[in-house]
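Colleague: I am new to this structure. Please pick one part of it and take me through that part and its surroundings closely.

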Amino acid sequence: MRVLLIGANGYLGRFVADRLLADPAVQLTALGRGDDADVRFDLATGSPGALTRFLDAVHPGVVINCAGATRGGARELTRHNTVAVATVCEALRRSGCGARLVQIGCSAEYGPSQPGSSTAEDAVPRPGGPYGVSKLAATELVLGSGLDAVVLRVFSPAGPGTPAGSPLGRLAEAMRRAMQSGDGELKLGGMAAQRDFVDVRDVARAVHAASLSAAQGVINIGSGRAVRLRDAAAVLARVAGYGGALHELDGPHTPHLRPAIGHPRAEADHPHVPPVAAPYPDGCGSWQQADVRTARDRLGWRPRINLEESLADIWMEAACRI
C-alpha cells in the first residue's frame, strides 16, 4: 500500500509516520513544508493543480492529512486548516489515483458540552473559537467532497512530544522549575477543566486502522474518560517524585488576575497579584469526553496506553530540558 502522509513532522504526524513505517506492507511518502520531507509542498499556498500532478505521478492508495495549525489568528488558522484541506480535496477529485483520504480533525470542532456527558459523532458542532471553526470547516469540506474519506476527531492528545506550550506541557515545565529551585509549593491555575486525554501513539494506531478500513464519515478518537486537570497534575507529581504541595489558585476571588499555569515562588515575585491560569485554551468550556464506540465498532480500535504512562513520558522530556 502506497501512502502519502501530509504533515509528517508535526506532533501527531511524527507518530503516524513511525506507525506506518513499522508496517512492511506500507510504502510511505512524506509531503510537507520542511526540508526533510520527501516532497516539499505548502498546502496553504500551493495550487490544487500542482498537487494533482504529484498525486498522478505517485499514485497513492491512501492520503493522510496530519497538517495544520493550532495557534495564530483567524486568518492564519483558516489558511492552514481550511484552505489547505480544500486544496487536498480538489486535487484528489481531479486526480486519477482514487486515493482514500484520512483527515485528522479535533474535538474543538464540537465546542463545549454538558458536564457528565459523552459526545458522540452525531452531536451538533458548536466550536467556541477560531481554531475549532477552521477545523470544522475542513471536516465539512471533506464530508461534502464525494471522496472515499474519513475524519478522525481526535480529543486531547498527550504523551511523548507534547508541545511545551500545551496545558500539560506547561504543567510539566512548571513542576520541573519548582523541583529545580526547591519550592515546596507549586501554585496552579486553570485546573478545573476536564478533558479526554488520549495518548498520541494510540492516535497513530487509529490513523493506521482508518487507512486500512472502509469506514467513512466522522469517528471520535479518545479515551472515553474525562480527567480533571488537577487530577492529571497530581499524577504528574507522583511520577515526577515531586513531594511539594499543589496549591490551586482558581476561585471566585481571582477571575480578574493575569493568566499563567504554574507559579513556584509566586508570592515573592508578585506579592500583591497571585497569577491564575486562563481557561483551557480550546474553546470547549469545562468538560469534554468522547463517546468512542464508533471507533471500536468500525475500526476495531481501543486506546491501550493509560494517562499515567502518557504523563510519565511528558515528564521524562521535561526533566531532560535544560
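A loop and its surroundings

Modeller: A214 sits in the loop that links helix 6 to strand 10 (217–221). Helices (H or I, at least four residues) and strands (E, at least two) are DSSP runs, numbered from the N terminus. This is a predicted model, in which local features need pLDDT of at least 70 and side-chain atom pairs count only at pLDDT 80 or more, while totals for chains, interfaces and linings use all residues. Residues are numbered from 1 along each chain as its sequence is written, and side-chain values use heavy atoms, leaving out hydrogens and water.

With a relative accessible area of 70%, A214 is over the 50% cut-off and therefore counts as exposed; buried means under 20%, and partly exposed lies in between (1.4 Å probe, protein chains only). In sequence A214 is 64 residues from V150, but their C-alpha atoms are 8.7 Å apart in space.

On one side of the loop is helix 6 (residues 200–212), which lies across strand 7 and strand 9 and runs at about 65 degrees to strand 9. Such angles run from 0 to 180 degrees between N-to-C directions, with axes fitted to C-alpha atoms, for helices over the stretch in contact (heavy atoms within 4.5 Å).

Strands 7 and 9 belong to an open sheet of three strands, ordered 7-9-11, with mixed pairing. Its edges are strand 7 (156–158) and strand 11 (226–228), each paired on one side only. From one strand to the next, the twist averages 55 degrees. Two strands pair if DSSP finds at least two bridges between them. Strand 9 (residues 194–199) and strand 11 run antiparallel and are joined by three bridges; R195 stands opposite V227 in strand 11. Strands of a sheet pair through backbone hydrogen bonds, either parallel or antiparallel.

On the other side of the loop is strand 10, with I221 among its residues. I221, along with I64 and L152, touches the most other members of the largest nonpolar core, which has 33 residues. A nonpolar core is a set of buried Ala, Val, Leu, Ile, Met, Phe, Trp, Tyr and Cys residues joined through side-chain atoms within 4.5 Å. Leaving out residues up to four places away in sequence, the contacts of I221 include L152, V198, V203, A206 and W301. Another core, of 29 residues, lies apart from that one, and its members include V85, A138, L147 and F155. In soluble globular proteins, nonpolar side chains tend to be buried together.
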